[in-house]
Amino acid sequence: MAIEQKYVDLINADIDGEITAAEQADLQAFLADSVDGRELHAELMTLNGALDALEEQDPPPYLRHVIMSRIPTQQVKRQTDGFLYSMFMSPVLRYAGSFAAGALLMMSVIGSDRISDTAFDDVSGLVGTMTDPAALGPADDKIDITQNTVAGTISLRSAGSMLVLDFDLMASEKIDIIADYTDKTIWFNGFAQLESSGTSLSAETGRVSLSMEGKRRYAVFLHNEGGRETTVNLRFKVDGEVVHEASLNFTPSR
Amino acid sequence: MDKPDDTKLIERCIKGDRQAFESLLLQYEKPVYNAAYRMLHSPEDARDVTQNVFLKVYQNFGSFDPSRRFFSWIYRITLNESINWIDKANRLTSLDHETADQGRGPGQQASADELSKGLEAALMTIKADYRAVIVLKHLMGCSYGEIGDILEIPEKKVKSRLFTARQLLKDELTRTGMH
């Protein structure tokens with residue numbers, strides 16, 4: 001037997017908890033006399049219970065980081081949103097505090113006259129001065145990574161003969177990143193990171209290799225004599241398996 | 001449903017405060033992702049839609065009316081983004097009926113897990129407009145009034161859409177022997 005629409009509506013309102021006392025009394029009187037009404041009420045209760053019990057899903061752990069990396073920095077006069085900008089502009093005090101504490105920031109950028117193109121296995125002891133970031137322009141190239149194991153942004157910026165790879169990444173497990181540059185005359189010129197530990201690095205001719213896990217922000221400095229056009233090919237490996245590949249290009253046209 | 005400090009956070013966001021935005025993101029990431037997931041039934045699509053939602057929120061803070069509720073605004077963006085995503089990808093043509101179509105003899109009772117999977121599959125068989133009210137009511141816990149506010153439709157229409165959606169779900173579950 002078809003149920004009058006009014007009572008179908010009242011049954012729905014009842015199970016939604018959106019029914020007045022008068023409507024409730026009306027509905028109860030109806031249900032007392034209607035088998036079909038009671039059946040519909042029970043069916044909808046079961047359905048609603050099942051809908052309410054659907055399990056919540058957890059967003060991927062890297063999602064928040066990816067979203068924040070895509071949010072443009074405000075109060076930026078130039079289009080620079082890289083690590084160096086954030087280090088030297090308004091948030092400088094935050095990092096300056098880290099310098100003072102001597103615990104949060106390891107800075108190991110050395111002058112180009114102090115290095116050769118021989119491999120570095122350990123750069124943690126290197127010291128030097130940071131090139132003035134005001135000389136750096138906007139990112140020459142930028143990639144967003146949204147893999148399950150690693151996500152974030154890597155940008156490539158340049159100033160004269162300096163190239164800066166700015167890594168802002170989150171990795172859910174230990175990941176190796178191999179950066180190969182096509183121009184073998186380019187050489188590694190320094191490394192800086194915003195954590196005291198967590199990223200290890202080695203460099204050899206035409207290649208810088210990094211290893212990281214968790215949320216990390218760091219920069220790799222390369223010397224590109226004459227500011228020549230080049231490509232940096234990146235491979236991301238987990239347990240020796242390549243999980244992602246990308247490349248960044250520098251074209252000296254601007 | 002707005003948290004008391006949402007208004008202050010939003011004011012700071014409008015001024016370009018990234019930290020305030022991250023706080024909002026922390027608060028709304030999971031509900032937005034879940035709403036998108038229930039609309040799209042795909043973790044990858046839900047992830048992409050969630051990204052788009054927060055980018056749109058950030059880009060459009062200037063047009064947000066502070067006298068209105070933030071959650072209404074962000075959920076509306078979420079549902080619109082999800083529906084646009086469905087339209088764009090024509091997701092409705094590739095529905096996964098696998099679970100829903102598992103044959104079940106009369107009188108056989110579905111387990112809670114089977115019912116849950118059957119329900120998820122059944123949700124994808126109803127029109128996105130109907131799915132949206134189910135998501136808002138049962139996942140986001142919105143009242144009729146709040147759903148009307150989010151979808152910008154009268155409360156009467158919320159009720160009729162919700163009741164029809166339930167009936168369609170019930171029919172689909174009955175058809176597949178899950179109910």
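At what angle do the axes of helix 6 of chain B and helix 7 of chain B cross? Hi everyone, let me start there. The axes cross at roughly 135°, coming within 10 Å of each other. That angle makes helix 6 of chain B oblique to helix 7 of chain B, because roughly antiparallel would need an angle over 145 degrees. The crossing of these two helices is right-handed. Before I go on, please keep in mind that we are looking at a predicted model.

So who meets whom at that crossing? From helix 6 of chain B we have B:Ala132, B:Val133, B:Leu136 and B:Lys137, and they meet B:Ile147, B:Ile150 and B:Leu151 of helix 7 of chain B. Sorted by class, that contact has six nonpolar residues, one charged residue and no polar ones. As a general reminder, an α-helix has 3.6 residues a turn, so residues three or four places apart point the same way.

Let's stay with helix 6 of chain B a moment longer. A run of its residues is buried, from B:Arg131, B:Ala132, B:Val133 and B:Ile134 on to B:Val135, B:Leu136, B:Lys137 and B:His138. Note that B:Lys137, one of the residues that meet helix 7 of chain B, is in that buried set. After the helix comes B:Gly141, with a positive phi near 70°.

Now for the two chains together. On the chain B side, 31 residues are in contact with 26 residues of chain A. Helix 6 (128-139) of chain B is one of the elements giving two or more residues to this side, alongside helix 2 (18-40), helix 3 (43-59), helix 5 (112-123) and helix 8 (155-175) of chain B. Which of them gives the most? That is helix 2 of chain B, with nine residues. By class, the chain B side has 15 nonpolar, nine charged and seven polar residues.

Last stop, some strands in chain A. Strand 8, residues 230-238, has partners in strand 4 and in strand 9. With strand 4 of chain A, residues 162-181, the pairing is antiparallel over six bridges; here A:Arg235 is the bridge partner of A:Ile178. With strand 9 of chain A, residues 241-250, strand 8 of chain A also runs antiparallel, joined by nine bridges. In that pair, A:Phe236 stands opposite A:His244.

And how many residues lie between strand 8 of chain A and strand 9 of chain A in their hairpin? There are two, and A:Asp239 in the turn has a positive phi of about 50°. Thanks for listening!

Terms used:
Residues are numbered from 1 along each chain as its sequence is written. Chains are lettered from A and ligands numbered from 1 in the order in which they are written. This is a predicted model: local features need pLDDT of at least 70, side-chain atom pairs count only at pLDDT 80 or more; totals for chains, interfaces and linings use all residues. Two residues are in contact if their C-beta atoms, placed from the backbone, lie within 7 Å. Helices (H or I, at least four residues) and strands (E, at least two) are DSSP runs, numbered from the N terminus. Ala, Val, Leu, Ile, Met, Phe, Trp, Tyr, Cys and Pro count as nonpolar, Asp, Glu, Lys and Arg as charged, and the others, Gly among them, as polar. Two strands pair if DSSP finds at least two bridges between them. A residue is buried if 20 or more other C-beta atoms lie within 10 Å of its own, exposed if 12 or fewer, and partly exposed in between; C-beta atoms are placed from the backbone. Axes are lines fitted to C-alpha atoms, for helices over the stretch in contact, and angles run from 0 to 180 degrees between N-to-C directions. Angles under 35 degrees count as roughly parallel, over 145 as roughly antiparallel, 65 to 115 as roughly perpendicular and the rest as oblique. A crossing is left-handed if the near helix is turned anticlockwise from the far one by less than a right angle, and right-handed if clockwise.
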